[in-house]
Structure formats: C-alpha cells, structure tokens
Amino acid sequence: MDQKTLKLFYEKNIEDKTNEIRERKKRGRLFVTSELTTFAIAVGFFILYVSDFSNATYAIYLSLLFLILYIVSMKLDTRNSKHIEVLESWRDVYIKEKKYLERDYSQFDAGERYAQSDHPFTFDMDIFGHESLFNRISRAVTTGGSDRLAEMLGTLPEDSEEVIRKREAQKEIALDETWHTGFLALGERVGRAAKQREPLLDSSRVEKALLEINKMQISSFAMKPLSLIIVFMSFAGFITTILMSVFSDLPSSVPTTWGVLQFFAILMFTGKTLGKVSKAVNILHKQLGVYIKIVEHINSKTFEAENNRKIADALFGEESNCLESFAALSNILKGLDRRGNVLGLMIFNILYASDYFLLRKFLKWKQTNLPYVGKWVKAVSEMDATVSMAVYRYNNPTLHDARVEDADKIIYEAKEIYHPFIGASAVRNDFSIKDNNYYIITGANMAGKSTFLRTLGINYIMAVNGMPVSASEMHVSVFNLFSSMRTTDDLTHGISYFNAELLRLKQLIANCKQAGHTLIILDEILKGTNSLDKLNGSRLFLQEISRLPVSGVIATHDLELSKLENERFHNYCFEINLSDKITYTYKITQGVAKNQNATYLLRNIIKDI
C-alpha cells in the first residue's frame with residue numbers, strides 16, 4: 001500500500017463515519033421525541049388516576065408502563081449519544097491523518113517546549129518546532145507520552161538490540177490499524193470534552209497528586225481491628241436503641257441522640273483527613289476516567305513484541321494490576337464526591353459509618369497500590385510514544401528499515417538517501433562514511449549542502465529509534481552524534497555570535513572525549529570571523545579533532561579547506577550549472593565545487609539600480 005491508497009482509505013472511513021453519525025443523530029432525535037411523548041403520557045395517566053374519573057384503576061398501571069418506556073428511551077438515547085461521541089472521535093483521527101498525508105501538520109503538537117539550543121543534535125536537525133520531526137510524528141494523548149517521545153528522539157540507544165526491540169514494538173502496533181486508531185480516538189474524546197486543539201492528559205498532574213497523597217501523614221488506626229470493633233459496637237448499639245424505642249418505653253430521643261453523637265464522632269475522626277485527601281486528588285477526577293479507558297484499551301490486545309509485552313506486564317502483572325487499582329481509586333473518588341451532599345453525609349454516616357469505611361478503603365488502596373503508580377504512568381507513557389512512532393510507520397508504507405549493528409567503529413552507508421521532510425520529490429544520493437574519516441563538502445549557496453547534512457543526521461536519528469528511513473538501503477552502527485549548524489548569539493547574556501561558536505565547539509570536544517565513536521556534522525566552522533582567520537582556525541580544529549575517535553561531515557564555502565585532502569580527508573561537492581540561469585542538481589559528487597553563485601545572484605538584484 002502506498003500513500004495514495006492510504007489517503008483513499010482515510011477518505012472512505014471519514015465518509016463511512018460521517019454517514020453513521022448522521023444516522024445515529026436521526027435516531028437520537030427519535031429517542032428525544034419518544035422520551036417527551038412517553039413522559040407526557042405517563043404524567044397524563046397518573047393525573048387521570050389521581051382525579052379518579054370513573055374509578056380509572058387501570059390508569060396507574062399504564063402510567064407505570066409509560067414511565068418504564070420513558071426510562072428505556074432515555075437509556076437508549078444516552079447509549080446512542082456515547083456511540084456518536086466515539087464515532088466522531090474516530091472520524092477526527094481519520095481527518096487528521098488525511099491532513100498529514102496532505103503535508104498539513106498544524107493539528108499536531110510541534111513540541112517547541114522541548115527545543116534546546118545546546119542539545120548535541122536536536123536543535124540543528126529540526127527535531128522540535130514547527131514542521132519538525134516531532135510535529136510529524138507525535139500523536140501522544142498524554143503529556144507523559146509526549147515527554148517520552150521527545151526523550152527518545154533526543155537520546156541515542158546503547159546498542160542495536162534496543163533498536164530492534166523498538167522497531168518490533170512499532171511494527172506490531174502499526175499492523176493493527178483498528179487498535180492504534182482506537183488508541184488515538186481516546187485522545188480525541190478528551191479534546192472534545194476539553195474543547196482544546198491539542199489536548200493531552202496531564203501525566204505529571206496525576207503523579208503530583210499521588211505524590212501529595214504519599215506525603216500525607218494519616219493515622220493507620222482506621223485499619224486496625226480495634227477501630228472496626230468500635231464502629232460495629234456503636235452501630236449495634238444504635239440499632240438496639242431504635243428497636244427498643246419501637247418495642248419498649250425507651251424514648252425516641254435516645255436513638256436520635258446516639259445517631260447524632262455517632263455522626264459527629266465519625267466526622268471528627270475522619271473529616272479532616274478525608275478533606276485533605278479530597279483536595280489532593282481532586283485533579284484526578286477527569287484524568288483518571290480516561291486513564292482507565294487507555295489502560296482498558298491496552299489490555300484489549302495480546303502483544304508479542306518484547307517491549308510491548310513488558311508494558312503489559314507492568315500494567316497487568318501478577319504483582320499488581322493497574323486496571324483494578326485505578327477502578328478502585330475511581331470508586332473512592334466517587335465516594336469523596338458524595339460527601340459534598342450534607343444531607344447524604346449525615347444519613348450515610350449515621351446508618352453505616354460511610355466516612356469511616358471510605359477512609360479504610362483509601363488507606364488500603366494507598367498501602368497496596370501507591371508504590372506501583374509511578375511504574376504504571378511510565379508504562380502508559382511508553383506505549384503512548386510507541387503508538388506515535390507506529391502511526392508514522394503506518395502512514396509511510398514505502399519507507400525502509402535500516403540495518404543497525406553493534407560495531408566498535410562508525411558505519412554509515414546509505415543508498416538513495418533523501419530528507420524525509422522533502423518527500424517523494426527529493427533528489428536521492430548515495431553516501432558512505434568511514435570510521436575516523438572526514439568529508440569536506442563544498443558548493444554554492446542553496447546548492448543543497450545544509451539539507452544534505454541534515455539528511456544524514458535526521459535519518460540516523462530515525463534509524464536508531466527503530467523507525468523507517470528515507471533511503472532505499474541504509475546500514476549503520478550505533479554511535480554518538482554531535483552537530484553544529486545553527487549557532488546563535490545571546491545578547492541577553494552578552495554572548496556574541498563568534499563566542500557562541502567557540503562555546504559550541506568546546507561543547508563538541510567535551511562530548512567527543514566522553515563518548516565513544518562520534519560522528520560530527522558541521523555547517524561552516526567559525527562563521528563569525530574573517531576568511532583567513534576562519535580558514536586557519538578550521539584547519540587547526542579539524543587537525544586536532546582528528547586525534548579523537550571521530551568522523552566528520554563538514555560543509556564549507558572555503559575552497560582552501562579542500563586542500564586537506566588525503567587518505568582520511570575527502571572532498572565532495574554540490575555543483576551548479578551557470579548559463580542564462582542557475583541550475584541546481586542537488587547531486588553530491590566527489591571533488592571540489594568549481595562554480596559559485598553569490599556574485600551572479602547579486603548582479604541580478606542590482607541590475608535595475
């Protein structure tokens with residue numbers, strides 16, 4: 001299947017869901033009419049019965065019948081509305097994915113918050129920001145999933161086994177379109193409820209609330225058998241006084257007083273603690289319901305890939321079960337909600353000490369489940385990030401997987417490689433990087449040097465994250481990556497452009513010393529100084545860095561730098577053709593560029609002066 005066929009698939013699903021929604025809404029209007037009609041008839045027959053016209057005993061039975069029909073209609077209407085909500089969320093997913101295929105990424109998270117100018121490679125490689133790699137990949141429905149995806153894209157793996165595990169996990173999810181679309185639809189339902197463009201379940205708020213719970217100093221007396229005995233004895237005494245007041249001369253004021261005292265005793269014992277708990281977990285109400293649905297969805301699939309099995313084991317293992325735990329916590333939260341009704345609070349505490357048993361449930365839940373919550377949130381975040389990468393794989397069926405291996409050297413061999421942002425129209429190039437070798441790339445402005453450098457970097461990042469790459473073949477080892485292409489000044493802190501370049505090169509050297517084999521990708525060394533000084537500084541830097549276990553690809557306008565060519569330094573170029581107009585081939589070839597275009601272009605600009 002190619003992207004054209006995939007687009008037709010999305011369009012068909014959008015049409016089908018729209019038609020089904022339309023039919024469901026028609027059905028919904030019938031349900032509303034039925035509710036109004038049956039309720040009105042039920043009331044009419046009840047009035048007829050009360051008025052006692054012609055001893056209309058039958059009227060009460062008909063009133064009950066139509067009341068039952070009203071309740072049935074209401075339940076069917078509620079179920080139908082929920083079905084519409086699900087259909088709309090699925091349709092929203094298909095609409096967004098269709099837009100993705102049309103190269104419209106505005107509806108997806110751009111991840112600007114993750115951009116770091118001092119990161120070894122993400123800032124230069126357009127990993128975060130508008131129309132970035134993250135913008136194209138992210139489908140996260142939780143903030144934890146978004147954070148984990150950003151972490152994956154900004155962190156290189158330790159070995160090829162890690163890459164293979166990631167790849168197999170993504171493939172398994174990508175193959176099950178219904179499952180991964182259902183996962184994304186859960187996020188869309190959150191968005192519809194919150195009326196946000198990019199809704200995310202806030203994992204950090206969940207963890208923060210649970211951390212607050214963990215910090216609480218709550219007396220464990222409610223969990224002890226003695227407290228349970230006291231409550232049962234009090235309850236037994238209350239029931240006894242009620243019976244005695246009914247069947248003996250005991251005044252009714254005795255059970256009334258007993259009940260009031262019992263209520264205040266329970267309130268004094270539990271009220272303050274439950275108030276603190278309620279305040280701490282209040283933010284969990286909206287979050288927890290959808291978390292449960294996500295966990296239920298994960299539980300609906302049997303996974304074979306190792307990484308996915310680990311996630312399922314973390315959530316539903318023998319030691320702890322996330323679904324049962326979250327369901328129990330949800331019931332506790334509902335109990336805390338019911339405490340807001342003062343009349344209900346009094347009645348339920350007097351009749352069966354509801355606050356006491358609610359506190360016992362909470363303490364038991366805290367003792368049994370709280371140590372595992374962090375692991376559960378982390379597992380959901382891992383699955384969320386994996387789904388994003390799997391959807392990217394599904395949406396790009398013509399891309400290929402790279403061969404990744406462990407080797408004590410840099411291996412980078414690519415055939416027909418191109419930048420994934422450009423797509424099918426991109427010019428393909430073959431390129432290989434040998435261990436501890438350097439490649440000086442020259443060429444005119446706009447000839448394709450910087451794009452090619454980013455092509456090498458971004459495809460490597462995707463390859464070691466188990467994602468398909470934009471190349472017909474790609475073979476790499478696992479190594480460190482560092483780039484310097486987009487250095488900026490910082491006037492706020494008094495850092496000039498040239499000083500910023502020096503600081504970046506200093507960071508590069510420190511990184512290369514600490515890491516193993518490193519590939520450095522540089523776009524013009526020392527741009528912030530004059531030509532001769534720049535040339536001498538560039539030569540000095542390359543000569544010194546070549547003493548480390550480093551390979552490099554360096555783009556430059558300094559043709560003099562190409563004179564470093566030897567068995568370890570190689571010259572490549574992007575040549576242009578100058579005639580009546582400039583022709584850009586965007587093909588990399590061996591050698592040094594002969595043609596430059598700055599004067600030519602400037603002459604065209606100033607010819608009308």
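Glu 405 is partly exposed, with a relative accessible area of 26%. Its side chain meets that of Arg 403 in a salt bridge, at 3.8 Å from N to O. Please keep in mind that the model you are looking at is predicted.

**Salt bridges**

How many salt bridges does the structure hold? There are 22 of them, and a few are worth a visit in your viewer. A good stop is the bridge between Asp 16 and Lys 12, where N and O are 2.8 Å apart. Both residues belong to helix H1 and sit 4 residues apart, about one turn of the helix. In an α-helix there are 3.6 residues a turn, so residues three or four places apart point the same way. Asp 16 counts as partly exposed because its relative accessibility is 33%, and Lys 12, at 46%, counts as partly exposed too.

Another bridge joins Arg 486 to Asp 126, with 2.8 Å between the closest N and O atoms. Here the pair links distant parts of the chain, 360 residues apart. Arg 486 is in the loop between strand S6 (480-484) and helix H16 (497-514), while Asp 126 is in the loop between helices H2 and H3 (133-137). Arg 486 has a relative accessible area of 31% and is therefore partly exposed; Asp 126, with 22%, is partly exposed as well. Elsewhere, Lys 7, Lys 98 and Glu 102 are linked in a network of salt bridges.

The table gathers the three individual bridges described above.

| Salt bridge | N to O distance |
|---|---|
| Asp 16 and Lys 12 | 2.8 Å |
| Arg 486 and Asp 126 | 2.8 Å |
| Arg 403 and Glu 405 | 3.8 Å |

**Helix H1 and its partners**

Helix H1 covers residues 3-51, which makes 49 residues. At 1.5 Å a residue it should span 72 Å, and its end C-alpha atoms are 71 Å apart, so the two values agree. Which helices do the buried residues of H1 pack against? They pack against helix H2 (58-101) and helix H14 (354-395). Among these buried residues are Leu 6, Tyr 10, Ile 14, Ile 21 and Phe 31. The buried set also includes Lys 17, Arg 24 and Glu 35.

Helix H14 is also home to Thr 386. Is Thr 386 buried or exposed? With a relative accessibility of 7%, Thr 386 counts as buried, because the cut-off for buried is under 20%. Leaving aside residues up to four places away in sequence, Thr 386 touches Ala 169, Gln 170, Ile 173 and Asn 308.

Helix H9 (residues 253-281) includes Ser 253, which is partly exposed, with a relative accessible area of 42%. Ser 253 and Ile 242 are 11 residues apart in sequence, and their C-alpha atoms are 9.7 Å apart in space.

**Strand S6**

Why can S6 be called largely enclosed by the rest of the structure? The reason is that 5 of its 5 residues are buried. Asn 480, Phe 482 and Ser 484 point one way from the strand, and Leu 481 and Ser 483 point the other way. S6 pairs with strand S7 (residues 518-523) in the parallel sense, over 5 bridges. Within that pairing, the bridge partner of Ser 484 in S7 is Leu 522.

**Aromatic pairs**

The count of aromatic pairs comes to 27. One of them is Phe 45 with Phe 66: the ring centres are 6.0 Å apart and the planes meet at 20°, so this pair is stacked. Phe 45 lies in helix H1 and Phe 66 in helix H2, so the pair ties together parts that are 21 residues apart in sequence. Phe 431 and Tyr 572 make an edge-to-face pair, with 5.2 Å centre to centre and 70° between the planes. This pair links distant parts of the chain: Phe 431 is in strand S3 (residues 429-433) and Tyr 572 in strand S9 (residues 569-578), 141 residues apart. Phe 431 is buried, with a relative accessible area of 3%, and Tyr 572 counts as buried at 16%. Ring pairs link both residues with Tyr 439, Phe 452 and Phe 574 into a cluster.

**Cysteines**

The disulfide count comes to 0. Cys 322 counts as buried, at 0% relative accessibility, and Cys 512 counts as buried at 1%.

Technical notes: Residues numbered from 1 in each chain as written. Predicted model: local features only at pLDDT ≥ 70, side-chain atom pairs only at ≥ 80, totals over all residues. Heavy atoms only, no water. Helix = DSSP H or I, 4+ residues; strand = E, 2+ residues; numbered from the N terminus. Expected span 1.5 Å × (residues − 1). Buried < 20%, exposed > 50% of the residue type's maximum accessible area, 1.4 Å probe, protein only. Contact = heavy atoms within 4.5 Å. Salt bridge = Lys/Arg side-chain N within 4 Å of Asp/Glu carboxyl O. Disulfide = S-S within 2.5 Å. Pairing = 2+ DSSP bridges. Phe/Tyr/Trp six-rings, centres within 6.5 Å; stacked < 30°, edge-to-face > 60°.
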